[in-house]
Amino acid sequence: MIKTVKLDSGIRVVLEEIPYVQSVAIGVWVKAGAVDEEPAHAGISHFIEHMMFKGTGTRTARQIAEEVDNIGGQINAFTGKEATCYYVKTLSTSYRKAADVIVDMLTDSLLTKEDLDKERQVVCEEIKMTMDTPDDLAHDTITSMVFKGKPLGNSILGTPSTLNKITHNVMADHISREYTRDSIVISIAGNFDEDDILGYFDDKLTSLTPSKETKKHEETAYEPSFKSITRKIEQAHICMAVRAVDLYDEDYYAFSTLCNIMGGSMSSRLFQNIREEKGLAYSVYSSHGAFSSDGYFNIYAGVSHDKIKAAAEGIKEEIRLLADAGVTADELESSREQLKSNYIFNQENIATRMFKNGKNVTLAGRTFTQEEIISGYDGVTMDDISRMIGLITDINQYSAVIVTRDRVDIKKIVRD
């Protein structure tokens with residue numbers, strides 16, 4: 001059973017007790033990510049995440065790591081488009097020691113100039129790593145293109161130029177504005193005592209600002225765009241994407257089912273055509289990038305430089321076939337069972353449960369039961385799939401990026 005409690009401080013706590021395990025996963029979710037940033041300070045949310053591990057008034061960076069290691073725990077964090085999460089997994093008997101570290105990080109990080117200067121270089125190396133990883137570069141680029149003119153198009157990492165503008169005061173002001181109690185969700189899954197853990201968090205994080213102002217964004221209409229990026233690499237990386245449904249849309253289950261039919265498994269259409277029949281790619285798949293307010297459908301293929309056009313033609317062939325003939329009842333049933341199984345498999349990991357619950361309460365304000373999710377997939381009909389097909393079969397609505405050795409006219413390849 002999943003339970004959500006609102007503390008007197010305004011912080012929400014979502015609990016999923018799993019008594020047959022001996023561990024607990026705790027995540028502090030903050031509804032603050034790339035979408036909340038000004039262009040001049042792009043990447044600040046991710047930079048803050050790094051800086052939270054650099055030391056507090058009572059713990060050095062080494063002590064933060066050692067205290068969690070000494071109890072056999074695992075601590076980490078990540079920043080996304082819409083939220084940041086700091087999390088720890090530990091034995092149930094040691095949860096207070098682990099939670100103390102995260103609470104200290106969030107309330108007493110020093111953010112010294114020396115640490116800022118050092119960590120800024122670390123983040124710049126992370127940016128270089130992404131730039132040197134062509135498939136990551138292709139995915140990051142297509143996301144920014146599909147959501148150009150929307151906050152979701154903002155870069156999570158930022159650039160060396162924007163990072164250089166982030167000083168102690170800029171970072172402290174951003175934390176004060178964004179790390180507010182009404183934007184924080186503490187997600188806990190595993191073996192724990194509810195009264196004890198709620199009592200522990202009752203007076204924690206109360207030093208943070210109570211609430212944040214609602215932002216208003218001016219957004220531009222979607223226009224397909226194209227980009228060719230050259231790198232000295234042995235393989236070309238293609239992404240083709242179009243806007244789709246968001247994470248909480250009533251059509252989410254139907255669209256996810258269709259996406260899986262197209263390229264979510266080894267039996268999917270793209271895999272069977274591009275890899276198995278034509279032998280053009282080792283990696284080819286489709287994915288549904290879904291956020292709280294929007295989403296996109298993305299097709300990726302990694303191919304030899306001399307196979308770019310053939311791979312694009314194979315992808316378009318599958319899109320045309322989908323438009324002309326739809327899907328079969330067998331494909332729908334197979335995809336449904338795959339997605340339900342993947343969900344159940346993930347439920348066997350307490351950290352995954354913590355992430356799922358924390359994300360949903362942070363972004364949607366509610367949790368979703370296992371029965372609700374299974375019912376969502378079971379309820380998808382052929383008519384639902386037919387409606388979703390129209391969202392991804394107009395090739396003129398696709399944006400595309402290619403990372404390759406020699407510049408190519410990707411627009412011409414996709415549109416012809």
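Analyst: Let's start with a term: a polar contact is a pair of N or O atoms within 3.5 Å, where one must be able to donate a hydrogen and the other to accept it. Keep in mind that this is a predicted model.

User: What makes the pairing of lysine 340 and glutamate 337 a polar contact?

Analyst: The distance between their side chains is 3.1 Å, and the cut-off is 3.5 Å, so the pair qualifies as a polar contact.

User: Where does lysine 340 sit, and which residues farther along the chain are in contact with it?

Analyst: Lysine 340 is part of helix H12, which covers residues 329-346. Leaving aside neighbours within four places in sequence, lysine 340 is in contact with Ile374, Tyr377 and Asp378.

User: Why is lysine 340 called buried?

Analyst: Its relative accessible area is 14%. Buried means under 20%, so lysine 340 gets that label.

User: How do you know how H3 and H8 are oriented to each other?

Analyst: Helix H3 takes in residues 95-108 and helix H8 residues 194-201; their axes come within 11 Å and cross at roughly 25 degrees. Angles under 35 degrees count as roughly parallel, so H3 is roughly parallel to H8. The crossing of H3 and H8 is right-handed.

User: Which residues meet there, and how do they divide by type?

Analyst: From H3 come Tyr95, Arg96, Ala99, Asp100 and Val103, and from H8 come Asp196, Ile197, Tyr200 and Phe201. They divide into 6 nonpolar, no polar and 3 charged residues.

User: Aspartate 104 is in H3 too. Why is aspartate 104 counted as buried?

Analyst: Aspartate 104 has 10% relative accessibility, and the cut-off for buried is under 20%, so the word fits.

User: Which side chains make polar contacts with the side chain of aspartate 104, and how do you know they count?

Analyst: One partner is threonine 56, at 2.6 Å, and another is arginine 59, at 2.9 Å. Set against the 3.5 Å cut-off, both distances pass, so both pairs count. Not counting residues up to four places away in sequence, aspartate 104 touches Thr56, Thr58, Arg59 and Ser109.

User: What makes the phi of leucine 111 worth a look?

Analyst: Most residues other than glycine have a negative phi. Leucine 111 has a positive phi of about 55 degrees although it is not a glycine. Leucine 111 lies in the loop between H3 and helix H4 (113-131).

User: Is leucine 111 buried or exposed, and how do you know?

Analyst: Buried: its relative accessible area is 7%, and under 20% is what the word requires.

User: Which other leucine has a positive phi, and where does it lie?

Analyst: Leucine 205 has a positive phi of about 65 degrees, and it lies in the loop between H8 and strand E7 (226-230). With a relative accessible area of 3%, against a limit of under 20%, leucine 205 is therefore buried.

User: How do you know whether methionine 171 is buried or exposed?

Analyst: Methionine 171, in helix H7 (residues 168-178), has a relative accessible area of 0%. That is under 20%, so methionine 171 counts as buried.

User: What separates the C-alpha atoms of methionine 171 and leucine 111?

Analyst: A distance of 8.1 Å, although the two residues are 60 residues apart along the chain. Leu111 is also one of the contacts of methionine 171 outside its neighbours within four places in sequence, and the others are Ile44, Phe47, Ile48, Met51, Leu116 and Ile166.

Technical notes
Residues numbered from 1 in each chain as written. Predicted model: local features only at pLDDT ≥ 70, side-chain atom pairs only at ≥ 80, totals over all residues. Heavy atoms only, no water. Axes fitted to C-alpha atoms, helices over the stretch in contact; angles between N-to-C directions. Helix = DSSP H or I, 4+ residues; strand = E, 2+ residues; numbered from the N terminus. Parallel < 35°, antiparallel > 145°, perpendicular 65-115°, else oblique. Left-handed = near helix turned anticlockwise from the far one by under 90°. Contact = heavy atoms within 4.5 Å. Nonpolar A, V, L, I, M, F, W, Y, C, P; charged D, E, K, R; others polar. Buried < 20%, exposed > 50% of the residue type's maximum accessible area, 1.4 Å probe, protein only.
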